[in-house]
Amino acid sequence: MKKQMEFLQLEHTQMDDTIQKVMQREFPLPEQVKKAQAEAFSKVRASQEQKSMPELQQSAKKTAEKKTTHKKQHFFFKACAGFAAAAAVFSGVCITNPAFAAQIPLLGHVFEKLGESLGFSGDFQKYAKVENINSQTANGMTVTLSEVYCNDAALYVSLVIESEDTFPETMNFQDSDTPLINLYDSTLKFSYSEREEQLFGVANALDGKMVDEHTYAGVLRYDLSYSNTFMKEEEYDKDRTEFLESMGITQDEIEHSPEEAEAKLKDLLGVEEITDGAIAEAGGPDWNNYQETIEIPEQFTVEFHIPQISGLKPDGKLPEMPEDLRAEYEQAMRDNGLGLTDEDYANFTEEQKEIEHQLFTKMNNAYDERYPDTWEQPNQYENWWVDGPWDFTFDVTKDHSQTIVEEINDVDENGLGLVSVTKTPFELTIDDGNGADYFTVVLDADGNILDSGKFGGDTNVLAIGGRDISHIDIYICDYVEYMDELKGYYWSDDYDEKKKTKSFKQLLDERALYHREMTFTE
């Protein structure tokens with residue numbers, strides 16, 4: 001299954017071709033984000049925005065240092081302006097919610113209390129198993145494992161976190177009352193695998209609410225495909241490095257002159273975009289041959305290790321770019337005959353843009369040397385945190401009773417099409433043909449886009465709580481066309497008026513490369 005993650009992997013100066021899909025997942029971008037994407041020069045100069053990104057943005061670099069072993073990857077890293085979208089989704093401060101503290105007990109009823117507020121919502125209490133209530137206390141914070149539910153798609157674990165002191169103020173997700181609580185560097189050890197799975201990206205985030213000023217209740221959702229599908233990365237990297245060296249491109253060039261190495265490889269391969277597929281077609285290693293899958297048994301045991309709990313400060317902010325570094329950058333620009341306005345940048349030649357890029361990188365590197373902890377997660381500027389550890393071991397039994405798998409296996413030689421569709425009570429998983437040039441979008445019975453839950457993640461795993469999916473339409477579109485033209489039609493401010501003439505479904509019927517209808521009955 002295609003796993004479209006939302007974070008960069010810098011370790012090999014590579015970028016997953018699916019990162020862009022995650023960054024453009026289904027939500028309307030604020031105007032400032034659109035401007036940031038369109039006006040890169042303004043973005044990097046105005047107020048050093050790359051050094052004031054909120055938590056999910058900053059976690060990219062830390063995540064990048066960890067090998068993510070279930071991805072096909074592009075070869076070179078490219079900056080992704082879509083990270084600005086992550087910055088735009090946070091606002092407000094978590095507050096005590098008296099209405100949330102209902103009469104039913106909390107422990108053993110977290111799913112019931114959270115109800116429809118979860119990104120992947122549904123009637124969990126019908127399926128969740130109440131664990132032998134297990135609490136661990138460290139540094140004035142008690143974590144209790146409450147309930148466990150597992151289907152063929154994901155493992156859900158509910159937690160209650162109680163603080164002896166008042167719970168730290170925490171920034172909320174979007175305009176909701178969901179505080180951003182993270183379990184950085186937490187691990188899950190599954191009895192069916194020798195590997196220890198480290199939580200990264202959106203998998204760090206808990207989805208929940210404050211019960212009162214001392215108590216938080218939340219749910220961790222872990223996509224099981226991350227635990228049983230992985231890439232033999234070291235073997236692939238070794239073979240790819242040998243292939244590149246045979247093409248005359250050394251590892252030293254890749255590490256120290258990535259843009260020159262990229263341009264050189266493009267010329268050698270005769271392609272405009274370097275992908276793993278292009279390397280394979282040229283006689284290099286094919287990443288598909290380096291995939292391994294472990295069968296997940298019906299019953300298994302999980303060891304859950306939480307070393308730290310953290311949150312995003314509502315007033316957190318990284319240090320601004322020092323004036324001396326900014327002045328040095330601007331003087332260097334003038335020395336090279338380069339102006340400092342957006343209009344100037346729009347008229348730069350490619351050579352001038354490269355000069356500006358090098359000067360800006362030099363400024364950023366000097367900033368990193370002055371504030372070396374700004375890339376850490378958590379960090380003193382943006383986060384609060386409490387160190388653990390909190391350790392739990394629990395048994396899991398997969399619930400197949402409500403899982404429907406529709407095998408389709410309709411994929412052409414270019415990866416266009418569908419392999420299968422899996423439905424559980426909480427999610428819809430679309431296994432498409434994994435074509436890098438395509439984007440898959442699913443409409444519910446009302447013609448509205450299904451999205452990937454509150455925190456996003458894999459764009460082919462869709463939340464279905466509260467939606468009518470008795471009938472769905474699956475469309476696969478040209479990736480660029482969908483991002484540049486089609487999705488804007490749906491998210492436009494006047495869509496309600498436009499759909500009176502042409503609905504989004506009708507637009508996709510006209511423009512999509514592939515379409516399949518499916519019907520589900522209870």
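Mentor: Before we start, one bit of vocabulary: the helices here are DSSP runs of H or I with at least four residues, the strands are DSSP runs of E with at least two, and both are numbered from the N terminus. Also keep in mind that this is a predicted model.

Trainee: Okay. In which loop is Pro-378 found?

Mentor: Pro-378 is in the loop between α14 and β14, and β14 spans residues 383-397. Look at the peptide bond that leads into this proline: from Gln-377 to Pro-378 the bond is cis, with omega near -5 degrees.

Trainee: Which bond leading into Pro-389 is cis?

Mentor: The one from Gly-388 to Pro-389, where omega is near 15 degrees. Pro-389 itself sits in strand β14.

Trainee: Next up, sheets. What holds the strands together?

Mentor: Strands of a sheet pair through backbone hydrogen bonds, and the pairing can be parallel or antiparallel. Now take a case from this model: β18, β20 and β21, in that order, make an open sheet of three strands with antiparallel pairing. β18 and β21 are the edge strands, each pairing on one side only. From one strand to the next, the twist averages 15 degrees.

Trainee: How many bridges join β18 to β20?

Mentor: Six, and the two strands run antiparallel. β20 also pairs with β21 (residues 514-519), again antiparallel and over six bridges. You can trace a path across the sheet: Val-441 has Tyr-475 in β20 as its bridge partner, and Tyr-475 in turn has His-515 in β21. Elsewhere, Asp-473 stands opposite Glu-517 of β21.

Trainee: Is β20 mostly covered or mostly open?

Mentor: Mostly covered, as six of its eight residues are buried. Helices lie against this sheet too. α15 runs across β18 and β20, at about 105 degrees to β20. α17 packs on the sheet as well, touching β18, β20 and β21, and its direction makes about 50 degrees with that of β20.

Trainee: Which residues of α17 are buried?

Mentor: Phe-504, Leu-507 and Leu-508, in a helix that covers residues 504-511. They are on the same side of α17 because they cover an arc of only 95 degrees around the axis. Among the elements covering these buried residues are β18, β20, α15 and α16.

Trainee: What is the strand order in the open sheet of four strands?

Mentor: The order is β15-β16-β17-β19, with antiparallel pairing. At the edges you find β15 (404-411) and β19 (461-463), each pairing on one side only. Inside the sheet, five bridges join β16 to β17. One pair to look for is Val-421 with its bridge partner Ile-430 in β17.

Trainee: How do I read two helices side by side? At what angle do α12 and α14 pack?

Mentor: Compare their directions and check the gap between their axes. α12 (residues 323-335) and α14 (residues 350-370) pack at about 165 degrees, with axes 10 Å apart. An angle over 145 counts as roughly antiparallel, so that is what we call these two helices. The crossing of α12 past α14 is right-handed. On the α12 side the contact includes Leu-325, Tyr-329 and Met-333, while the α14 side includes Leu-359, Phe-360 and Met-363.

Trainee: Gln-352 is in α14 too. Which residues does Gln-352 touch, not counting those up to four places away in sequence?

Mentor: With that exclusion, Gln-352 touches Leu-338 and Asn-347. Its relative accessible area is 24%, so Gln-352 is partly exposed.

Trainee: Is Thr-187 buried or exposed?

Mentor: Buried means under 20% relative accessible area, and Thr-187 has 7%, so Thr-187 counts as buried. This threonine lies in strand β7. Leaving aside neighbours within four places in sequence, its contacts include Glu-196, Phe-304 and His-305.

Trainee: Last one: backbone angles. What is phi of Asn-139 near?

Mentor: Near 50 degrees, a positive value in a residue other than glycine. Asn-139 is in the loop between β2 and β3, and it counts as exposed because its relative accessibility is 60%. Asp-185 is another case, with phi near 65 degrees. Asp-185 lies in the loop between β6 and β7, and at 26% relative accessibility Asp-185 counts as partly exposed.

Terms used. Residues numbered from 1 in each chain as written. Predicted model: local features only at pLDDT ≥ 70, side-chain atom pairs only at ≥ 80, totals over all residues. Heavy atoms only, no water. Buried < 20%, exposed > 50% of the residue type's maximum accessible area, 1.4 Å probe, protein only. Arc of directions from axis to C-beta. Contact = heavy atoms within 4.5 Å. Pairing = 2+ DSSP bridges. Axes fitted to C-alpha atoms, helices over the stretch in contact; angles between N-to-C directions. Parallel < 35°, antiparallel > 145°, perpendicular 65-115°, else oblique. Left-handed = near helix turned anticlockwise from the far one by under 90°.
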